[in-house]
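Today I went looking for enclosed empty space inside a protein model. I wanted to know what lines it.

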Amino acid sequence: MGDIAVSKCCRYLVDGREAVSFEAELPFPAGGGRPPELFLVRRNDAMGPAVWRVADARQLTAETVNVAWLDPRRLGPVPELPPEVCAALEGGRLTGVNLCHPRWRQALEFSAPVPGKKRVHLLAVGDVGGTLLTALKLLGGKTLSAVGICDLNENAVARWVSEMGQIDWPWEYGALPEVEAVEPERLFDCDVFLFAATKAVPPVGSGVQDVRMAQLAANRPLAESFARQARKAGFRGLFIVLSDPVDPLCQAVWRASNLDGNGNWDGLGLLAEQVQGFGLGVMNARAAYFAKRDSRFASFLTEGRSFGPHGKGLVIANSVGQYDDALSRELTDLTLEANLRIRDLGYKPYVAPAVSSGAMQLLLTLEGDWHCGSVPLDGVWFGCRNRFTAQGLELEAQELPGLLFNRLRETEAALKEMI
C-alpha cells in the first residue's frame, strides 16, 4: 500500500453508506454526492481491527496496525486526501474498513452504538470476581441492567446473588443493577463477557516474583475453551480478559476463537477489536498513587501516560510533553513492584486490580469514554489509552518523544517473543 499513488480517491456506495478508497474498481456501486463515512483499504493484517476510527490520514496507508499508530508521524508521509475526506477525518466521522478481513461487515455492525443499559456476564466469583462484582453493583446503576455470574462452585454463586441482592439504596430499589445466576450454556447471551477465572495463583510466601507468568500455562487452556464457546455462540459483544497474564491471554482467546474444528485458521471467530485486556488500569492508578506521594513524579497526574502490559514490559511516562526517561523508569519500577509490597504484608493484591482495572475501565468502555485497555497491535495485545466510538475503536494518537517511543517498541518486541 505504501507505493500507491494517493492523489485520487474513488467513490463507492457500501450498504447505503458513502465510501471512498484509493483503489479503483472495487465491487461496489458508484457513490458520490454525500459526505464520506467509510474509507476502504486492503490490508493483509488479520491481527488488526477490521474497522477503526481514523485518527490520522497515515493510518490509511500503513501496512500493519502496530505501535506506530500511537504516534502516526512514524507511519510515513501524510497521504493526499480530497477536502471532503479531510473534513470527515478532522470531524471524527471517518471509519477505516479493512476489506481483507472476512467479517468486515460484522465489524461495522459491532461498532454501531446500541442504546440502553448493558448486560454483563462474569466468570468467575473468586477473589477478583467477587470484588469486581461488588464494584459493578455499586457503580453501574446508570450503565448496567444486570450482571450475571457463573462459577463451578454453585454455593459461591448462590452466596453472591444473595449478598448483592441485599444491597440497595433505601426507597430506590431499582437504582442498582440486578445480580443473577447464569447457566454455563447462557454465558454469551450478553453484551459483555468478563473472564476472571483462574486455575492457579501462587500462594503468598511462595517466592514467585512474577506471579502472572506463573499462571499463563494453567490459564491459557481455560481461556481458549471459553473463546471456542464464544465462537460457537456467535458472540457479538465484548470479550474482556481480567485473568493473568492479561495480554498474552487476549491473544490466545482471539486466536482460539478463529480456528475451525480441525484447528485451521478461518478468521470467523471473534474480531480482534472484540477482545480487550483490562490490566493496565491498575498500573495507571498505581503510578498515580506514587505521583501523589512524591513531588518528583507529580507531572504524571496531569501529563503522564501508561502503556504496555500488566507486568514486565510496562511503560510509565512521567509526561508526554516533558518526558524524563530516568524519572519515568523509576516510576515504572515502583509501579511494577507495588503488588509485591502487598504480598510482603501477607495478602494477595487483588482489590485494586479488580476495581481499577476491572470495574472502572469497563464502565468507561461502555460509556464510550477513554480508558486503559490492551488492544490488538501487530499480533499482540498492547495496553494504551483507547475508546470505542460509533466509527470504531480509536487509539489515542499523539507525538511521543523518541526515548519513550523506543521503550514502546521494545515492549512490543518482547510481547511478540512471549507468544
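My notes on the cavities follow.

**Entry 1: the count.** I kept in mind that this is a predicted model. I looked up the cavities of 30 Å³ or more and got 3.

**Entry 2: the largest cavity.** How much space lies in the largest cavity? I noted about 70 Å³. Next I pulled up its lining, going along the chain: Pro 49, Trp 52, Arg 53, Gln 59, Val 65 and Trp 69 come up, and further on Val 375, Pro 376, Leu 393, Glu 394 and Leu 395.

Which strands supply at least two residues each of that lining? I wrote down E4 (51-53), E14 (371-377) and E16 (392-395). E16 has the largest share, with 3 residues. Sorting the lining by class, I got 8 nonpolar residues, 1 polar and 2 charged.

**Entry 3: the second largest cavity.** Here I found about 40 Å³ of space. I listed Asp 247, Pro 248, Gln 251, Val 380, Trp 381, Leu 415, Met 418 and Ile 419 as the lining. Helix H6 (246-257), strand E15 (380-389) and helix H11 (402-418) are the elements that give two or more residues to this lining. Which of them gives the most? My note says H6, with 3 residues. By class I have 6 nonpolar, 1 polar and 1 charged residue around this second largest cavity.

**Entry 4: side by side.** I put the two linings together: strands E4, E14 and E16 for the largest cavity, and helices H6 and H11 with strand E15 for the second largest.

Methods:
Residues are numbered from 1 along each chain as its sequence is written. This is a predicted model: local features need pLDDT of at least 70, side-chain atom pairs count only at pLDDT 80 or more; totals for chains, interfaces and linings use all residues. Side-chain values use heavy atoms; hydrogens and water are left out. On a 1 Å grid over the protein atoms alone, a cavity is a set of points where a 1.4 Å probe fits but cannot get out, and a pocket is an open set with protein on both sides within 12 Å along at least five of seven lines; lining residues have an atom within 4 Å of a point. Grid points are joined across faces, edges and corners, and a volume is the space filled by probe spheres set on the points. Helices (H or I, at least four residues) and strands (E, at least two) are DSSP runs, numbered from the N terminus. Ala, Val, Leu, Ile, Met, Phe, Trp, Tyr, Cys and Pro count as nonpolar, Asp, Glu, Lys and Arg as charged, and the others, Gly among them, as polar.
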